[in-house]
Amino acid sequence: MFMSAKQSQKVGLPPGSLIYITEEEETEIPESEKKVTVYAITYNESGYEEKKIESINDLKNLITDDPASAAAATAPAASAAPTTWIHVTGLWDIDVVRALGEKYGIEPLTLEDILSMGQRPKTEEFETYIYTILKHVMFDDDDKEVINDQISIITKDKTVISFAEKSYNIFDPVIKRLKKDGRIRKYGADYLTYALIDVVVDNYFLVMEQFEEWFDEVEKRMVSHPEKESAGEINRMRTELFLFNKAVWPLINVTDSLEKSESKLIKKPTRVYFRDVQDHVTRIVESIETGRETVTGIFDIYNSGISKRLNETMKVLTVISTIFIPLTFIVGVYGMNFEYMPELYWKYGYYACLGLMLLIFVTMILYFKKRGWY
Amino acid sequence: MFMSAKQSQKVGLPPGSLIYITEEEETEIPESEKKVTVYAITYNESGYEEKKIESINDLKNLITDDPASAAAATAPAASAAPTTWIHVTGLWDIDVVRALGEKYGIEPLTLEDILSMGQRPKTEEFETYIYTILKHVMFDDDDKEVINDQISIITKDKTVISFAEKSYNIFDPVIKRLKKDGRIRKYGADYLTYALIDVVVDNYFLVMEQFEEWFDEVEKRMVSHPEKESAGEINRMRTELFLFNKAVWPLINVTDSLEKSESKLIKKPTRVYFRDVQDHVTRIVESIETGRETVTGIFDIYNSGISKRLNETMKVLTVISTIFIPLTFIVGVYGMNFEYMPELYWKYGYYACLGLMLLIFVTMILYFKKRGWY
Amino acid sequence: MFMSAKQSQKVGLPPGSLIYITEEEETEIPESEKKVTVYAITYNESGYEEKKIESINDLKNLITDDPASAAAATAPAASAAPTTWIHVTGLWDIDVVRALGEKYGIEPLTLEDILSMGQRPKTEEFETYIYTILKHVMFDDDDKEVINDQISIITKDKTVISFAEKSYNIFDPVIKRLKKDGRIRKYGADYLTYALIDVVVDNYFLVMEQFEEWFDEVEKRMVSHPEKESAGEINRMRTELFLFNKAVWPLINVTDSLEKSESKLIKKPTRVYFRDVQDHVTRIVESIETGRETVTGIFDIYNSGISKRLNETMKVLTVISTIFIPLTFIVGVYGMNFEYMPELYWKYGYYACLGLMLLIFVTMILYFKKRGWY
Amino acid sequence: MFMSAKQSQKVGLPPGSLIYITEEEETEIPESEKKVTVYAITYNESGYEEKKIESINDLKNLITDDPASAAAATAPAASAAPTTWIHVTGLWDIDVVRALGEKYGIEPLTLEDILSMGQRPKTEEFETYIYTILKHVMFDDDDKEVINDQISIITKDKTVISFAEKSYNIFDPVIKRLKKDGRIRKYGADYLTYALIDVVVDNYFLVMEQFEEWFDEVEKRMVSHPEKESAGEINRMRTELFLFNKAVWPLINVTDSLEKSESKLIKKPTRVYFRDVQDHVTRIVESIETGRETVTGIFDIYNSGISKRLNETMKVLTVISTIFIPLTFIVGVYGMNFEYMPELYWKYGYYACLGLMLLIFVTMILYFKKRGWY
Amino acid sequence: MFMSAKQSQKVGLPPGSLIYITEEEETEIPESEKKVTVYAITYNESGYEEKKIESINDLKNLITDDPASAAAATAPAASAAPTTWIHVTGLWDIDVVRALGEKYGIEPLTLEDILSMGQRPKTEEFETYIYTILKHVMFDDDDKEVINDQISIITKDKTVISFAEKSYNIFDPVIKRLKKDGRIRKYGADYLTYALIDVVVDNYFLVMEQFEEWFDEVEKRMVSHPEKESAGEINRMRTELFLFNKAVWPLINVTDSLEKSESKLIKKPTRVYFRDVQDHVTRIVESIETGRETVTGIFDIYNSGISKRLNETMKVLTVISTIFIPLTFIVGVYGMNFEYMPELYWKYGYYACLGLMLLIFVTMILYFKKRGWY
C-alpha cells in the first residue's frame, strides 16, 4: 500500500546487486508480457535513424560517445556529431541492463536503482553521466487509481539511455518530433533529456484533469444523493492524490538541480528549459494542493450532512411523538373503566373529546411550524 | 476546478508552440467578444501620444527601443527619450502576439506563457527584458466567485508591453495619470511596470472588502437563521479564499525579485516602489489568513450549532415522553378489564386517579425546570 | 473585519498621495474629537523644555537636526546638542503631516504610510531617517475586543517625530521620565525611540493579562453552567487573540532589524535595549501561543460537553421508555375485550398483574443501576 | 495562566529598574519563607571551602575574579587559581542582588532579568560574563501541575554566581561532587556552569517519568471506566505538557549557543559537555512530542467513546421500542369497543392474539440478533 | 511509554559515569540471558579470521589500529593492512565496555552513551574515531508493537567496534559476505561501517511491510465488521508508526553527516554509499508519512461509521414509531368508553377502522420509501 515495491527482497545483499524488483506480484503478469524491447535512435541535424536492437550482441556494437566527446572537445566542428538515444522498455532481462551498464560505464548502484521500482524521483551527477529517475503517472478511471511507471534516464555527452518498466508509448511524441526534423535535432543529449522529462510532466496535467472530473462527479453526487456517499470514497480521493503528489513533488528538486547543475553535460542554453519544466511541476503541485483543499471540503460537507440528516430524522420522530403521545394519553383516560366518570355519560362527551384533541393537534402543528421544524 | 486552464491540449507539442489556452470553454464565448485591441502610448516628460493599432503592419512600424537605448547609453541627455507602452487586450489573434514577439525579440517560451492562461504569478529576467505574470482578480458578487485575468508585462529599456486576456479597463487609472502629466511621465519603463502592478494589487483590497462583506453576511445569517446555513456555502468561502490566495501570494516573491533584481532594466530609485507593493501584497496575504481563521470559526460554530439543535430536539422529545409515558401507563392500568379491581368501583376513584396524574405531571415539570431543560 | 482600514479608497491614486484612511467609520466620530495636538519637547542632559505647537507656522520655526548633526560630526563636544521630540496625536489635519514631512525631509511614501491606518508593524531605513510603525493595543473589557492604534516613529539624528492616531496618553511615562532628569536625557534620539517602543510593548503585558482574566472567567463558566456557553464566544476568544498576535508578532522582526541595523542613527550602546524589547515581544508571542492552546482546549471541552449532555438526555429517555413501554404493553393486554380471557375473572388477577409489573419495574431499575446509567 | 508573572507591574518604569516579580501571589507566601541564603564556595584541585554569607558586608569582602583573571592571562601557572561559586537562594532581598551586581560588574538589564520570574530560558554574552536563564521544573503529583523555578547563572572567568527563586536543594549533587574531590574540581567556572545546567536537565527526565505515570493511569481508567473520564483532565494533560515544553525547548538554543560560543569564558574542552546536555534536552523535547501524540490519541478515544456509548443507548431504546410499539398497537386493537368485532367472541381469540404477539416478538429478537445489536 | 529508558537513574551523577540503563525492567530478564558475547573478526583482501573473545584479557591482547594507521600514513602499500571488527552483543558486563574504551581511546561520554539505551540516532566525530548510534527495529506481530535495539558503532582507521544490546543476529549477512571474499574485504573500516548501517536500514523495509499487512488487515475488518473496530487499535497504529518514525528519521541527518563528513576516517569512494543509504532512509520516512495518512483515513472512516450507524439506528426507531404511534392513537380512540360513540355501533365500523389504519400504514411506508429511509 504505502511502499510500492518489495524492497525487502534485498535485505542482506551487497549493494549493487542486480535484482528486478517490481511493484506488481510477479505471478500476476502473464509470461507473454515479460518482453523487453530496445530501440537505438541516432540523429543529428541532417539525419535520423531508428534501429531495433534484437540481441545483446547488437547492443555491444553500438558506438559509445566517449571517444566522440573527446573529439568534440578538441574540434568545435564536431557539434554535428550525432546523438544516440537508446530506449529500453521492460526490465525483465537483467542482462540487457548489465550489458548497457558495462558498455557505457554506468555504476553498479545506478544499475541497481534502474531495476528497483519504487525509487523516489531524484537526479544524481556522476563523472561521466547524469542519472535521473522520474515517475510516469497514469490514472485508471475504472478503479480510480493512480498507476506509476518508473522512468530512468542516463544522460551522457552524446548519448541518452532511457528505461521504462512497462511498454507504454509515452515517448512517441518525442520520436515524432525527432522524425519531423524539428528544432530538437539541432540540440544534443541534454535537450533530449529535457524533452523526455517534459513529456512525462505534460502528462501530469492530463492526470490532474482526470482527478478533477472524478472530484466533480463526487461533488455532484453529494448534492443529489448525499446519503449514498461513503467516507471510503472520499478517503480514497485523498489517498490517490497523496500518492500522485509523492510521485510529482520531488521533481521540483530534480528540475532545480538540473537547471543549476554544474555538470558540463547540461549546456547553458538548455537550462532555461529545465526552469520551464520546473514551472510546470510547481503548477501541478499547487493544483494537488487545491485538490486536497477540495477533498477536505467534501469531507466536511459529508460529515455535516450526516449530522444534519440525523437531526432531521430526530425531528420527524419528535414531531410525531410530541403530537400523538399526549393525544394517546387523553384517549387512554377515557378508556379507563371507572364506574363513576361523568364525561362518559355526557351526550356530547365524545365530540368534546375529539374537539379537544383536534385543538391540541392544531396547536402543536402551529408551534412546530413556528419553530421551523418542517 | 483546481486547474484553471486545459494545459493538456499541449501534451506532446514542442516547447514554444503558440496556442491560446483559455480558462473558459471556447464555445461559450460569443464570436463578437473575441476581439483584440492594441494601443500604443508614447510619452516623455514633455508629451503624451496615444495610438490605436489597427493591423499587424501598424505594429511593425512601431519603433523598438533597442537603438534608442543604445543612444541613451552614450548620450546622457537622451533621458528624455520617450517611453512606449503597448497594451494588448484579448489574445484571440496569435499573429499579434507573434508579431510583437518578433519585433521586440521575445523568446518563444515567453510567448507561449503569455498565451497560456493558468500560469502562476512569476517574474523572469532575460537578457533584454523582464517578463512578469500576475493575476487581475475580480469577485463576482452574484455567484460568489473569484475570477482571474492573467496579465503579462514585458519590461524593456524604453518599452513596456502588457497583455490582458479580457477587455477590462484595469489600466485606465494609469492612462489617466499619464495624460495628466504627473510624476509618472518623468520616469521610464521600470516605473510604468511598477504602476501597472500597483494598480492590480490595489484592486486586491477591493476584492478583500467584498470577501469581508460576504463573510459578514454569512455570519449574520448564522445568528438569525442558523438552520438555513449550509456547509456548502462555508466550504465555498474557504475555496474561493484559497483561490484568491493562490493568485496573490506568489506576488510576494515577484515583487521581492523585482526589488532585488540585478538587471539594469530596474533603476535604483524605482526599487523602493516595488518594496511598497510588496508591503501591500503582504497585507493582503495576512488579511486572507485572517479570513481563513474566520471561515474556520464559522464552520466550528456551524457544527456546534448542529449538535446543539439536535440536543434541543432530543430534549423536547425526552420531556414529552418522560412526562406522558408514565401517565399513559396509569390510564392503561385502569383500562384493564379485571373483574375484581376495587378502585374502579370507588366513587372518587376517577378523581383520585386524575389527581395522582396531575401530581406526577407537576413533579416532572418541576424536575425538568430545575435541570434547566426548557 | 479582517482588513482594518478601507485601503480601497486609494485604488488608482498615484503612490505618495496623502489621504487619511482610518479604521473607523468617519461619520461615527464626532467633529469635536477630530482635533490634532502637537507637542515639541527639547531636552539634553542639562535641561528640558515642552512646547505646544498651535499652528503650522510654529511648526516651521522648529529647528531641524540636520545642521546640528553636521556640527555634531565635526565637534565631539556637540554630544550635548539637544534632542527634539515632536509628538503628534490625531491625524485629521493632513497639512500638519505634510508640513512636518517637508521640514524634515520625509519621503512621500512614508507620509502616505503614516496616514494610512492598517499598516503592518515594520521598520524601514532611509538615508536620513528610520521609519518604524507599530501598534498600540488596548483591550476593551466590555465588548471583549482588541483595539489598535497605529504609532509611527521617525528617528533622525537629533529628532524623533512620533504620530498616534487617537489621543491616548501612552507616552506619558516617557514624558515623566524625561522631566525627572533620568538616565534617558543622557542618551539621544535612538534611545528615545527605544523608550517609546518599550512603553508600547510593556503595555502588551497588560492586554495579555486582560485576555487571561477573560479566559479564566469563561473557563469557570464552562464548569458551572456548561450549557450556557456558546461556540460564538469561544470563537471570539480565538479571533481576538489572532488579531492581537497580528499586531504583535511582526515586532519581532522590527526589533531585530533595529538591533542589527547598520544605520548610523542607531548607536551601538542602544542596541542591547532593542534586544531586550525583542525578548519581551517574544514572550508576548509565546503567551499568545499558550492562549491559543487554551482556547483549543476550551473548545474541545465545549464540544465534548455537548455530546455528553446529549448522551445524558438520551439516557433519561431510554430509561423511562424502556421501563414503561413493556408495562404499558401488559396493561394493554388486560385491556383487551376478548370474551374468553380467564385471568380477568380470577379473583387475584389484578393483584397478580400489579405484582408482575412491579417485578419488571424493579428488575429494570436494578439493571440500569448496574450499567451505571443514573 | 499563560503568563507566569505579572510583568505589568513594570509598565512605564525605566529599563534596569530592580523589582522582584514573582509568579505567586506575594500575600500567599508566609513571611517566614521570605528568607535569602547565600553560600560562597571556593575550590581548586587541592581544596574546597564553603562559607555562608550572613550580611551584605560579607559579600563585599569576597574576592572578584577580575584581577585573578588578569594574572591568569600573564601567568599560565595560575590555572590552579581557585574558582568561586556564589549561590543565592530566595530573591526577597533586592539589596543582595544589587550588591552582587555592583561587585561583579553585572549590567542593570541582567539584574532586572534575574529578579523577574517568567523569563524565557536564554543565554546572553556580555563582555565580562555570560548570563544564562533556565527553568528548574517540578511536577506536583497531587495537583497534577508543573511548577517552575527560575535559575539564573552568571559565568565569569573564575566565578559563577547562581540564583534560584525558591530554596530547593537542586544543586546539592554538585556540592557533593565538589566535596568529593572529583574531576569537577580540576575544571573551572565554565565546567561548573555546565554541571549546574546538567543537574537541571537531568531532573527533566524525572518530570517526564511522572508525566508518563499520570498518562498511563488515565489510559487505564479510560479502559475500565470510560464514562468517568472527563475532557477536562485530558485537556489538563495537554496544557501541562505544553507548559513543560515551554520551559524546556528554548534550552536547545541555549546549549547550542554555549557550545558554539565565541566567548573566551567557555574553554574548548568544555564545549563537548554542552553538546551532551543539548542531546539530553533534544530527547526530552522528543519525549514531550510523543506525549502530545499520546494525549491526542487519548482524546480521540475519549470522543469516539462518547459517540459509541450514545449509539448503545439508542440501540437499547430502539430495540425496546421497536419490539413493544407494534405489540402495544395490537393489544390496542383488541381493546377497541366496536360492537361487531368477530375475533373478540371467538373462543381461542385471546390465545391466538397472544400467539401472534409471541411470534412477532421472537421474529424481532432474531432480527436484531442478526443485525448484531446486542 | 514515551521515554524508552529510565534516564532518571543517573540524576546527579557526574557525566561519563558508566551505568547500564536498559529499556526493560531488569528484574524481568532471566539471569541466563544476561550474557555478553564478543567476536573479533580480522580480514583483508587475502584473508578472514574470526575469534571469540572469552575474557577481558583476550580483549587486551587485540591489536589497536593506531600504530598500523601511523604506518599506513607513511607506506601506501599498507592498504592491505587488515581491518578488525569487534562486535559486542549484550551490555551486561560494564567491564568489557570499559576495557574496550581504554584500549581504543574512547571518550567517557561515548562509553556512557553506549551503555544508555534510549539515545537518539546520531553521529559524532572525535579526533580518532566516529561514533554512530542507530536503532535496529523489530515489529512484534503478536503484540503489534515496535521493539528497539540500540546499535552503537565506533569507526576508527582500521577498526570497527559495534555494540548491540540484545543478541540478535542482525549482522550475520555482513559476516557471510566477509567470509565469501566479496568486494567488502577490499574496502576498509568505513565501508564496513556502511555495510552495518545498510543492514539495519534494509531491515526497516521489512518492518514497513509488516506495518502494511497490519493496516490492510484493519482496513478489511473495517469493511466487514465496522462495529467491532475500536478507536484503541487505530490509535495504536498511529502510536507505533510514530515510534518507528522516531527511530528512523534522525538517520537522515546521520547518513548526511557521514556522507559530507570532513573526517579522514571516511574515504571519498565510500561516501556515495552513505548517500545511497540516505536515499533508503528517505524512502522509509516517506512510507511512514503515507502510513500516517492511511491511519488518519481509517480513523475518519471509523468516526463517520459511528455517526452513520447512529443514524441508521435512529431511522429504525423513527420509522417504527412514526408508523405505529398514530395507529395506536386511533385504536385508543375506539377504546374510549363514551356512551355515545356512533361509530362503535355501526356494523362495519371495525372494518372501516382497520381499513383506515391500513391506509395510513401503506401511506407511511410509501413516504419513507420515497425518502429513501430503508
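Which residue stands opposite D:Tyr43 in strand 2 of chain D? Keep that in mind while you get set up: what you have open is a predicted model.

**Stop 1: two hairpins in chain D**

Select strand 1 of chain D, residues 37–44, together with strand 2, residues 47–53. The two strands run antiparallel, and seven bridges join them. Now pick out D:Tyr43 and look across: the residue facing it in strand 2 of chain D is D:Tyr48. To get from strand 1 to strand 2 of chain D, the chain makes a hairpin through two residues.

Next, select residues 122–125 and 130–140 of chain D, which are strand 4 and strand 5. This is another antiparallel pair, held by four bridges. Click on D:Lys122 and you should find its bridge partner, D:Ile133, in strand 5 of chain D. Here the hairpin between strand 4 and strand 5 of chain D goes through four residues.

**Stop 2: D:Thr83 and its surroundings**

Stay in chain D and zoom in on D:Thr83, which sits in strand 3, residues 83–89. Is D:Thr83 buried or exposed? It has 24 C-beta neighbours inside 10 Å, so it counts as buried. Show its contacts too: beyond the neighbours within four places in sequence, D:Thr83 touches D:Tyr43, D:Asn44, D:Lys158, D:Gly188, D:Ala189 and D:Leu192. You already met D:Tyr43 opposite D:Tyr48. Try a distance on D:Lys158 as well: its C-alpha is 4.9 Å from that of D:Thr83, although 75 residues separate the two in sequence.

**Stop 3: the whole sheet, seen in chain B**

Switch to chain B and colour the strands. You're looking at an open sheet of seven strands with mixed pairing, in the order 2-1-3-7-6-5-4. Strand 2 (47–53) and strand 4 (122–125) of chain B have a single partner strand each, so they stand at the edges with one side lacking a neighbour in the sheet. On average, neighbouring strands of this sheet are turned by 15 degrees against each other, ignoring direction.

Inside the sheet, select strand 6 (residues 145–155) and strand 7 (residues 159–164) of chain B, an antiparallel pair with five bridges. One spot to click is B:Ile151, whose bridge partner in strand 7 of chain B is B:Ala164. Then add helix 8 of chain B, residues 250–260: this helix packs on the sheet and touches strand 4 and strand 5 (130–140) of chain B. The direction of helix 8 makes about 30 degrees with that of strand 4 of chain B.

**Stop 4: where chain E meets chain D**

Time to zoom out and show chains D and E. Their contact takes 46 residues from chain E and 55 residues from chain D. On the chain E side, the elements giving two or more residues are helix 7 (231–248), helix 9 (268–333), helix 10 (342–345) and helix 11 (349–370). Which of the helices gives the largest share? That's helix 9 of chain E, with 17 residues. Colour this side of chain E by residue type and you get 24 nonpolar, 15 polar and seven charged residues.

**Stop 5: the axis**

Finally, superpose chain E on chain D. A turn of 72 degrees with a shift of 0.0 Å along the axis lays one on the other with an RMSD of 0.1 Å. That is the relation of a five-fold axis. To find the axis from chain E, select E:Gly335: its C-alpha is the nearest one in that chain, 4.9 Å away. The copies use different surfaces in their contact, with 20% of the contact residues of chain E recurring in chain D.

Conventions. Residues are numbered from 1 along each chain as its sequence is written. Chains are lettered from A and ligands numbered from 1 in the order in which they are written. This is a predicted model: local features need pLDDT of at least 70, side-chain atom pairs count only at pLDDT 80 or more; totals for chains, interfaces and linings use all residues. Two residues are in contact if their C-beta atoms, placed from the backbone, lie within 7 Å. Ala, Val, Leu, Ile, Met, Phe, Trp, Tyr, Cys and Pro count as nonpolar, Asp, Glu, Lys and Arg as charged, and the others, Gly among them, as polar. Copies are superposed by least squares on the C-alpha atoms of residues with pLDDT of at least 70 in both. Two strands pair if DSSP finds at least two bridges between them. A residue is buried if 20 or more other C-beta atoms lie within 10 Å of its own, exposed if 12 or fewer, and partly exposed in between; C-beta atoms are placed from the backbone. Axes are lines fitted to C-alpha atoms, for helices over the stretch in contact, and angles run from 0 to 180 degrees between N-to-C directions.
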